[in-house]
Amino acid sequence: DIIPAEAESVATTASSQDKLDKGVRAEAQRRRTFAVISHPDAGKSTLTEALALHAKVISEAGAVHGKAGRKSTVSDWMEMEKARGISVSSTALQFNYRSTEASPDDLTDNVINLVDTPGHSDFSEDTYRVLTAVDAAVMLIDAAKGLEPQTLKLFQVCRHRGIPVITVINKWDRPGQTPLELLDEIHERIGLTPTPLYWPVGIAGDFRGLLRRGEDGAPREYIRFTRTAGGAKIAPEEVMDADAALAKEGSEWVTAAEESELLSATGQDHDQELFLGGQTSPVIFASAMLNFGVRQILDTLVELAPPPRAREDVTGTPREVTDPFSAVVFKVQAGMDTAHRDRLAFMRIVSGVFERGMVVTHAQTGKPFTTKYAQTVFGRERSTVESAYPGDVVGLVNATALAPGHTLYFEKKVEFPPIPSFAPEHFSILRAESAGKYKQFRRAVDQLDSEGVVQILRNDLRGDASPVMAAVGPMQFEVVAARMKAEFNVEARMEPLAYALARRTDPQSVDELNRQRGVEVFTRSDGVLLALVSDKWRLQYIQKELPDLTLEPLVAAA
Ligand code: G4P
């Protein structure tokens with residue numbers, strides 16, 4: 001029999017647990033964690049800044065290109081980053097945002113986590129890994145250029161991982177293709193059905209506003225934008241009904257309304273289930289530079305993008321957001337500075353509440369990990385994080401043991417599946433400059449391989465002394481060279497290999513493949529057999545001549 005005092009304490013514990021669960025669930029529910037996938041120059045930095053402007057994180061846009069006379073928080077972060085020599089704030093930007101659609105008595109802000117996908121010259125495996133940390137992606141397309149290679153590669157990763165994609169057609173203030181042509185291209189090239197939520201009024205280069213589409217394609221309202229000087233401020237909006245829009249814009253409005261109805265006739269209306277299932281993509285036309293359509297992007301994220309959800313562990317069991325704390329490391333940054341062996345690991349919280357100072361367990365080693373030096377990344381100001389919730393990104397300082405894909409947890413044990421390796425496109429032989437340092441060289445190679453800095457490939461022909469490095473972007477090789485010198489005191493030499501792509505193969509195909517010109521088979525450290533091929537014509541030729549050989553594309557293969 002339970003004595004009354006104990007019964008009471010059991011009941012109290014149960015109810016406080018219940019409260020905690022509700023709190024975590026509510027915090028998860030109001031979060032949206034996403035990344036922008038785009039090709040260089042599509043306007044990702046400009047859009048990031050425009051989003052920050054709309055969320056009132058900064059008061060004026062224009063810092064991205066350092067336009068005269070403007071200072072902002074964004075550029076201050078950049079200065080700080082330069083001083084530190086590592087890019088911190090660009091990993092995640094967190095801000096509060098209240099949707100304009102929210103009912104007046106709903107006073108809770110949403111919390112938006114924008115996780116950066118490094119691009120340009122620092123395009124690397126990290127760029128893909130970031131996509132394992134988000135719940136949705138914004139595919140940013142330049143209206144004049146349509147789908148470009150880097151966007152396609154990143155899109156394939158989203159598709160593979162089941163990440164729902166919102167499409168933003170940017171630079172509508174500049175001459176470009178027609179909106180229908182752009183939608184056709186998306187549909188035909190990647191088999192994604194675009195379902196516009198907002199349709200442009202005015203052709204590309206004459207951006208007047210957005211027709212907001214109703215469920216049957218009929219206009220719900222017209223949002224007319226006014227330019228501000230240099231696009232530095234939020235563009236004022238005037239919202240009006242169809243009659244007023246017709247009176248204001250005349251034939252431009254008529255065209256937009258007709259096209260919108262045409263879309264409905266071809267089934268291009270939003271459907272939440274199909275969107276979450278990755279079959280359709282809501283579309284918004286915008287000008288990041290003029291801040292047109294930016295509020296609409298934020299509102300769409302809040303209304304349609306999924307909040308953090310349960311994630312399956314290695315056994316396929318879901319870790320619910322209300323379970324005790326757990327997180328996945330998706331990126332590790334090691335300082336290039338010899339004086340400070342600083343390593344910053346970024347984790348995405350999967351479940352529970354994170355509190356700074358908490359001692360968690362590193363699932364891969366079973367060892368405790370103290371989180372005294374956790375940092376938020378990074379809203380209004382860079383600060384030490386006190387607590388964080390599912391969907392949030394937290395940076396951990398001096399995280400020597402952590403590598404991308406690793407799990408951290410509290411109390412209830414869990415291990416999440418590793419992050420897959422992505423299709424490499426750059427290959428290089430790695431050699432130690434001096435034979436005397438071979439031991440250090442081996443250690444360095446193993447360490448950098450286990451951290452996922454590059455993929456290490458080996459075969460019997462080449463032996464162990466000069467393994468082959470495979471990477472998604474060439475910058476990964478530079479990181480290897482710099483870290484070998486700084487951390488292991490070994491000089492390494494690299495010789496580029498004349499292969500351009502990799503395909504997964506099987507033991508039965510190895511001998512025949514190795515007999516082909518322009519092909520060489522390797523074993524990657526995760527045991528996968530990779531055939532490196534000199535170019536796509538050679539690949540096509542082999543596939544045609546020897547159709548029985550296994551040559552499968554890897555994730556994100558171009
Ligand atoms: P990225 O991060 O994706 O590489 O692109 P970024 O924002 O740096 O933008 C690339 C260029 O495109 C910049 O021009 C930027 O001003 C311009 N841009 C971005 N969004 C828009 C838009 O909505 N409309 C127009 N017309 N241009 C846009 P730049 O010539 O490189 O620099 P700047 O001369 O503007 O400083």
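## A helix across three strands

Let's start where a helix meets a sheet: helix α8, residues 251-265, lies across β7, β8 (209-213) and β9, and runs at about 150° to β7. This is a predicted model, so please read what follows in that light.

The strands beneath this description belong to an open sheet of 4 strands, ordered β7-β8-β9-β10, with antiparallel pairing. Its edge strands are β7 (198-201) and β10 (237-240), each of which pairs on one side only. From one strand to the next, the twist averages 25°.

## Inside the four-stranded sheet

Strand β9 (residues 219-225) is a good one to follow. On one side, β8 and β9 pair in the antiparallel sense over 5 bridges, and R213 stands opposite P219 in β9. These two strands form a hairpin with 5 residues between them, and in its turn G217 has a positive phi of about 90°.

With β10, strand β9 also pairs in the antiparallel sense, here over 4 bridges. Two of the partnerships can be picked out by residue: R224 has E238 of β10 as its bridge partner, while F225 is matched with E237 of β10. As for burial, 5 of the 7 residues of β9 are buried, so this strand is largely enclosed by the rest of the structure. When you look at side chains along a strand, it helps to recall that in a regular strand they alternate between the two faces of the sheet.

## The seven-stranded sheet

There is also an open sheet of 7 strands, in the order β2-β3-β1-β4-β5-β11-β6, and its pairing is mixed. At its edges stand β2 (92-97) and β6 (193-196); each has a single partner strand, so one side of each is left without a neighbour in the sheet. Ignoring direction, neighbouring strands of this sheet are turned by 30° against each other on average.

At the β2 edge, the partner is strand β3 (residues 110-115): β2 and β3 run antiparallel and are joined by 6 bridges. To find this pairing in the model, look for F95, whose bridge partner in β3 is I112.

## Two crossing helices

Two packed helices are described by the angle between their axes and the distance between the axes. For helix α2 (residues 44-54) and helix α10 (residues 294-304), the angle is about 80° and the axes are 9 Å apart. Angles of 65 to 115 degrees count as roughly perpendicular, and α2 and α10 are therefore roughly perpendicular to each other.

Which residues of α2 and α10 make the contact? From α2 come A50, L51 and H54, and from α10 come V294, R295 and L298. The residues of this contact divide into 4 nonpolar, 1 polar and 1 charged.

## How far to trust the model

The protein has a mean pLDDT of 86, and 87% of its residues reach 70 or more. For the complex, the predictor gives an ipTM of 0.97 and a pTM of 0.88.

Two stretches call for some care. Over residues 63-89 pLDDT stays under 50, and the model has 41 contacts beyond four places in sequence for them. Residues 377-382 also have pLDDT under 50 throughout, with 21 contacts beyond four places in sequence. Where pLDDT is low, the predicted coordinates should not be read in detail.

Note on methods
Residues are numbered from 1 along each chain as its sequence is written. Two strands pair if DSSP finds at least two bridges between them. Axes are lines fitted to C-alpha atoms, for helices over the stretch in contact, and angles run from 0 to 180 degrees between N-to-C directions. Two residues are in contact if their C-beta atoms, placed from the backbone, lie within 7 Å. A residue is buried if 20 or more other C-beta atoms lie within 10 Å of its own, exposed if 12 or fewer, and partly exposed in between; C-beta atoms are placed from the backbone. pLDDT is the predictor's confidence in each residue, from 0 to 100. Angles under 35 degrees count as roughly parallel, over 145 as roughly antiparallel, 65 to 115 as roughly perpendicular and the rest as oblique. Ala, Val, Leu, Ile, Met, Phe, Trp, Tyr, Cys and Pro count as nonpolar, Asp, Glu, Lys and Arg as charged, and the others, Gly among them, as polar.
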